[in-house]
Amino acid sequence: MGFFLPIRNWVLQTLTFLPVSTKQNFTAVYRRFTSTTLCRWAESIDSKTFYPEMKIKDSSMMKKKTGKNRFSPKPFSAFAAGSSKMRAICNTNNAVANDSSSPLNIVSPPDTPLSAKEWEKLKEEYQHFKNFENVMFESMIANHSPVDVAKSLLVAMAKRDGDIEYNYLVMYLAICVFHKDIEEIYDIYNIMKAKYKSLEASAYSLLIKGLSDSPHWKETLVLLEKVKKVSFHSKQNYGDCIEGALLNQERNLAFELFHEMVAENLTPPLTTIKLFFDFCQPVKDDHLKNKCTDILYYLRNHQIYPDESLMLSIKQWFESIPGENWKGSLTSMNNSYCSRQCPSCGHFLEDINLSEEEYINVKEKIKRDVIEGTDVFRNTSPQELERFQRFMNEHPPFDVVIDGLNVAKTTLRNPSSKTLLDVVFYLAQKYHRLLVLGRRHMLKHSFQWKKSDMDAMQKKADFFFTDNMSKDDPFLLYATFHSGGHCMIVTRDLLRDHKAVLSDSVTRRLFFKWQRGHQMVVSSYIPGKILTFEDALPYDTIVQTDGNTWHIPYDDNLSNRASFEIPGKWLCLQKK
Amino acid sequence: MHLLNLIRPAFKLIAPKITKYGLFLTMPRKISTCGTLRMIYLNKNISKNVDENIDLDEWKLVVLSGLEKEAFEKASPEEEPNIAAIKEYIDMSRRLGKAAPENITEEQLKRLIEYPSVSSRNRYLAFLASKEMKKNAEKEKKKKQQEERDALRKTIDNEELIPKNRLFRAIWESSMDVVYNWKAAQAMSFGQPLVFDMDFNDMSEREMQNTVNQMMECEGLNRKAVEPFHLHYCNLKEDGPYHKEFLKRYGDTWDNLFVSVTEKSYVELFPRDQIVYLTADSPNVMETFDHNKIYIIGCLVDKSIRKGVSLARAKRLKLATAQLPLERYFHWKTGAKVLTLDQMIMILITLKNTGNWKEALEFVPKRKHEGFLDPSLQHFIHRQKNKKISQQNFKKKLLVEELSKKRLWNGLWEE
């Protein structure tokens, strides 16, 4: 009976295997079916209960037109880390990603080295691949096969062709680099040096990566020079070289490389910066300490936020400085009180307002780049611009500038004018002078824009209407800047396209800082019941120090932050 | 038991054959979710049979032994070291399977060096590589055609299949050209003007080449139309980039084209109230083709999409503008609503000759839309667009959208 066992096993496997797969398919199909039907039911039920037509419009518009949910404003926070991703998930039903890997592309590499004959045999099995060796090497890289297996394939190829082509050498090198087989990497390096005059970028970077933590690490510097001759450096190449230097206690060289990298406008990867803090820890050297704080100033000037692991390294580095007794703690700022105080040490964080000089600079750039741009006629017309400037000069500075159309379209449950009216009345209680920017078509009486509402609003606020074809956002920005540093702006727009138009990165950063400090957002609104604003932040989110304390904002591993958002967590360091 | 006894010897006969090939079609032990069959190579059994120890470093010897021969061949003529290194670099990346051309000229190399980043250089190399590939493929194709033609001629000569008596002489392309030129000449004196605005100077070289390509296409399509337009190339600066590119592409034919070329602006040539500037950013939708109007097309290809460039121009000169009614006729799918120049001219020619929007808009690329809208829906949307937004129309549009959505749903389920 023992003879039959494997066969029976096989049968058993198929028996168990098949039903499982069909069942899975079935459940997948079933789930998909139910989810779609549920969606449709939900729509139809909703639409019957409340505003029959409008609801339908909204749900279909939502997916089709802008992907923006205009019906009920979901709680909207503008700059907190990860909020844009959350909004994206709320607004679109993410389809289930289907990973379709066709069975034809699957090659499982062997576990042990094969002889040349066996490779030939295997190659015949996979005849349908045009380039068997290429595919095999790629799957070896993907599966992290042992070096010996790849080596045996090289032997087989060398026996057959008498030579090995460059691309196979590079792929073999990639396998060796992954397994950190330093001797082998050095051998390949010598072969490549003997065989070819120069290499290309991917081989160079693999060699730099492979040799950086070996006794031959000085070769990486030579390689780095060679890359420069024919191509551009990547930050990864520099990072690997720096790692090599730091591992071999050549700290000054590492710092030199760092400065060279920064001078070439490359942003160092966070892992490289982390290495500096890790390797400079045991040293009681003032010079070195200053250099490390220089890195922190670099982070400050370029508005780079460390991630969690780098933050921990920085914390450890500070706490290991002998004789200074630093104490680090993790906090998050309390947004609800709108105070600049750090909850853990009580120090005040930096103010978000721009300095006089910066303010004038940004104002000029906005006028030049955003409003006029390459062609005044693209956004507005000269006559209108003149009219607007006259209007601004005639009126004393405003406290709040409201983007009328943006605010009015917060919800579709209300006519637009009613929403705007609510917001204007609410703000009029707090602030004295309001300006609402809009377009001419708002003045015509219609279902959306009621004449009575507009008249009521005009008693509380000043209005400026642009032409229907002009863009209102540039005017909005200019009006706010013209009114001075205290003036706030109300819009749900993140103003990213206007930020992008600004010519240099310094101005862009200043603009973003201003925006964080002056933009108020209607965060939730239910007609007649709730109207809340997300107020502007009073403090600046940036790496900062006053000698005795350091405050460093960082990204935690959980939230994925978009580039136009800022982290909410802080590392607070204090000298005791 | 009896049955088993019968089967067992039979299996014994088959079994060695299976193991000899060393391959089993088996199911994976672990039940994987994708459920594909995998070929599992039973290498363990075999490597025991054949020689146990494979010399793993053998390949190095083989490679190094082949080296000395190559080193002699490598004595290439002396070149500027930087350029030689970059040539080498391109060669190496080609060996790696990246898109890079086999041969590169000095001029192309110089331009390559001017590109400021890795990605832009790679893009340029890929462009050159695809160009080279196309060229080679074309050469091969021509060669093949020539051979086929020769073979055909031989058989024809032998069999003498062609009848000798014919009513007409064979119509060659040159005789067609004469007809087209007559028609174009007629259009020059009596045809409706169509203006190309050539006052866009801040284009990159590639964009300029593409524009001139499309212009040549336009001119050809117009010439072959039943009733051609009288084409005006306005604002064309003498010795400007456009002019140079045209001369380069057309050669001597440039002077024989049946086209009015001027340095003047269209505002000087035609009365302002007849001019309509066609631009996708316009708020006005073109209803019908007017035979008394002078339509202007901006000669602009912008790969980095700059919005409202031509609209700004029309605004400055206070001209009427219009956009094609694409949204009214199509379920738009993807892509910008900006069409190429040759598509535009084909649409205008068809409109001029038939006045049928559906026929004209056939020239909009199929990948950009999901087919024409229902006429009944068009009616609603049409009214909705033209009237002020009142509550009633608002509701109607919603109904229409729901309707179309339902239709879409039905369509999906039917498929």
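Two helices whose axes make an angle over 145 degrees count as roughly antiparallel. Keep that cut-off in mind for the first part of this tour, which looks at a predicted model.

**Helix pairs in chain A**

Start with α6(A), residues 147-161, and its partner α7(A): they pack at about 160 degrees, with axes 10 Å apart. That angle is over the 145-degree cut-off, so α6(A) and α7(A) are roughly antiparallel to each other. Their crossing is left-handed.

Now follow α7(A), which covers residues 166-179, to its other partner here, α8(A), residues 182-195. Their axes lie 9 Å apart, and the packing angle is about 155 degrees. That makes α7(A) roughly antiparallel to α8(A). Once again there is a left-handed crossing as α7(A) passes α8(A).

Further along the chain, take α11(A), residues 235-247, and α12(A), residues 251-263. Here the axes come within 8 Å and cross at roughly 165 degrees, so α11(A) and α12(A) are roughly antiparallel too. The way α11(A) passes α12(A) is left-handed.

Here are the pairs side by side:

| Helix pair | Angle | Axes |
|---|---|---|
| α6(A) and α7(A) | about 160 degrees | 10 Å apart |
| α7(A) and α8(A) | about 155 degrees | 9 Å apart |
| α11(A) and α12(A) | roughly 165 degrees | within 8 Å |

**A pocket in chain B**

Over to chain B, where the domain assignment gives domain 1 (82-155) and domain 2 (191-375). Taken over C-alpha atoms, the centres of these two domains of chain B are 33 Å from each other.

So where does the second largest pocket sit? Both domain 1 and domain 2 of chain B give residues to its lining, so the pocket lies between them. It holds about 1,000 Å³ of space.

The lining of this pocket is made of 26 residues. If you want to find the middle, look for B:Q108, B:Y124, B:F127, B:L128 and B:K131, which lie nearest the pocket's centre.

Which helix gives the most to that lining? It's α7(B), with 10 residues. The chain B helices that each supply at least two lining residues are α6 (106-114), α7 (118-159), α9 (205-223) and α10 (241-250).

As for the chemistry of the lining, the second largest pocket has 12 charged, 8 polar and 6 nonpolar residues around it.

How values were computed. Residues numbered from 1 in each chain as written. Chains lettered and ligands numbered in written order. Predicted model: local features only at pLDDT ≥ 70, side-chain atom pairs only at ≥ 80, totals over all residues. Heavy atoms only, no water. 1 Å grid on protein atoms, 1.4 Å probe; cavity = no way out; pocket = protein on both sides within 12 Å on 5 of 7 lines; lining within 4 Å. Points joined across faces, edges and corners; volume = space filled by probe spheres on them. Helix = DSSP H or I, 4+ residues; strand = E, 2+ residues; numbered from the N terminus. Nonpolar A, V, L, I, M, F, W, Y, C, P; charged D, E, K, R; others polar. Domains from an automatic or database assignment. Axes fitted to C-alpha atoms, helices over the stretch in contact; angles between N-to-C directions. Parallel < 35°, antiparallel > 145°, perpendicular 65-115°, else oblique. Left-handed = near helix turned anticlockwise from the far one by under 90°.
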